[in-house]
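Here is a short set of questions and answers for a reader who is meeting this structure for the first time. Please look at the sequence and the model before reading on.

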Amino acid sequence: MSETPPTPTAPAGAATLPLVFDEPRGRKKPPRHLADLDPAGRKELLESHGLPGFRAKQLSTHYFGRLVDDPEQMTDLPAGQRADLVAALLPDLMTPLRTLEADKGTTRKTLWKLFDGALVESVLMRYPDRATVCVSSQAGCGMACPFCATGQGGLQRNMSTAEIVEQVVAAQRSMTRGEVAGGPGRVSNVVFMGMGEPLANYKAVIGAVRRMTDPTPDGLGMSARGITVSTVGLVSRIRQLTEEGIPVTLALSLHAPDDELRNELVPINTRFSVAETVDAAFEYAQRTKRRVSIEYAMMRDINDQAWRADLLGDVLMRGDWGWVHVNLIPLNEVRGSRFTRSRDEDMDEFVRRLEAKGISTTIRDTRGNEIDAACGQLAASE
C-alpha cells in the first residue's frame, strides 16, 4: 500500500533556461556527404559535378563497407579523378581533438570539432557481449533539464545526418582496428543518448537511422533492433516515429511520475504532460511491438521516494503485456550541481516497489563517470 504523497515542492535552483526547439538562424550548413544521401542522391551529386555517377557505389563501399578513411587506399578509383570524387562525396566532417579512456580501456570518449568549430562528444563502450556507441545529435541541447550538463549549456545547432553517422563509422573503425581493449570487434548497438534531444533534430536523426540500417554498401547494415532513440518527450515526434515503420527501441527520459516535479526536472513537461507522454510511448510499443525503455535518473530526496515508485508503477500499468522496462540511472553528478545520486537503499526500494507492480526494472551499470562520459555529463569543452 502506498504512503500518502506529500505536497510536491519545486527543487531549489531548478532550471530557468528557456526551451529551445530550433537551432539559431544563420549558421552555415555542414558540407554535403554521401551519408546525407540515398544511393540515387549520391549518383546525382557526382553527375552534377561532372563526375561519373557509377563511382558513387565505389565510394559508398569504401566508406560503409571497408571503413576506409585514407583516399590513397581507394585504388579502384582513377588516380586522376580520385581527389575530385572524394571532395564531392567524402568531405571531412569532424576532427577528433582528444580521446579519453576509462574502465580499463573499454570505455572511450571522443571530443569532436565540427567544421564550424562546434564541439560534440561520443562514447564507445565495450561489454563482454556487445559494443555500444552513444552518439550526439545536436551541438548542445535546448531542453534545459537542470540536472544535465548538456542541457545547461544551451543549443548551438543541429547536427547533419552525416555528422551523426560519422560518429558510428569512426567507432566501427576503432573496433575493427583493435584500438579498443579486448581486440578487434564490431559495433553492435547505437544509442542516441549523447548531446542533444534527438527528436528535436528529427529529419537528420531518421536519416542517420536509415543510413545505419541500409544494407552495405548503401549503409552500415545494422539491425534497427540494436538502435535506441531517446527523447525527453516530444509527443508529436514520438507519434511521427510511430508511423516510420522502423523498429528502433524508444527510450523515454521520464525522471518523474508526476507533473509537478517533472515540470521542474524536464521542462518539456510544461508542453506535454506525463499522461500524454506515456500515452504516446505506449502507442509506439503497441504499433512496433518493441518494448519501450523508461529512463529515470535517481536523484537523492528529489524523485527517489518510495511513494513516487508506486506512482510510477501506476502510471506505467497499461495493456496486458510487458510493454515497458524501467532503467533506473544512478545520477551521474555534474560538478557544481545541487543534484546528487540517490542512496543505494532508496534505489533498491524503488526497484522493489516497481517489481511488486509487475514492472520490469533494472539499475543501470554506469560507465565512464571518471571521464565525464556518463549520461548527463557530456559538456564538450576543450
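Q: From which residue does the backbone nitrogen lie 3.0 Å from a polar atom of the side chain of His33?
A: In this predicted model, His33 has its place in the segment before helix H1, which spans 39-48. A polar atom of the His33 side chain lies 3.0 Å from a backbone nitrogen, and that nitrogen belongs to Ala35.

Q: Is His33 buried or exposed?
A: Leaving aside neighbours within four places in sequence, His33 is in contact with Tyr63, Leu89, Leu90, Pro91, Leu93 and Ala162. Buried means a relative accessible area under 20%, and because the value for His33 is 2%, this residue counts as buried.

Q: Against which helices do the buried residues of H3 pack?
A: In helix H3, residues 79-89, the buried residues are Arg82, Leu85, Val86, Ala88 and Leu89. They cover an arc of only 160° around the axis, so they lie on the same side of H3, whereas Gly80, Ala83 and Ala87 on the other side are exposed. The buried residues of H3 pack against H1 and helix H2 (55-65).

Q: Which helix gives the largest share of the largest nonpolar core?
A: The largest nonpolar core has 108 residues, and those with the most contacts inside it are Leu59, Phe192, Met212 and Leu316. The largest share of this core is eight residues, and they come from helix H4, residues 161-176.

Q: Which residues does the second, separate core include?
A: This core is separate from the largest one and has seven residues. Among them are Met125, Tyr127, Met193 and Ala251.

Key. Residues are numbered from 1 along each chain as its sequence is written. This is a predicted model: local features need pLDDT of at least 70, side-chain atom pairs count only at pLDDT 80 or more; totals for chains, interfaces and linings use all residues. Side-chain values use heavy atoms; hydrogens and water are left out. Helices (H or I, at least four residues) and strands (E, at least two) are DSSP runs, numbered from the N terminus. Buried means under 20% relative accessible area, exposed over 50%, partly exposed in between (1.4 Å probe, protein chains only). A polar contact is a pair of N or O atoms within 3.5 Å; within protein, one must be able to donate a hydrogen and the other to accept it, and residues adjacent in sequence count only if both atoms are side-chain atoms. Contact means heavy atoms within 4.5 Å. The arc is that of the directions from the helix axis to the C-beta atoms. A nonpolar core is a set of buried Ala, Val, Leu, Ile, Met, Phe, Trp, Tyr and Cys residues joined through side-chain atoms within 4.5 Å.
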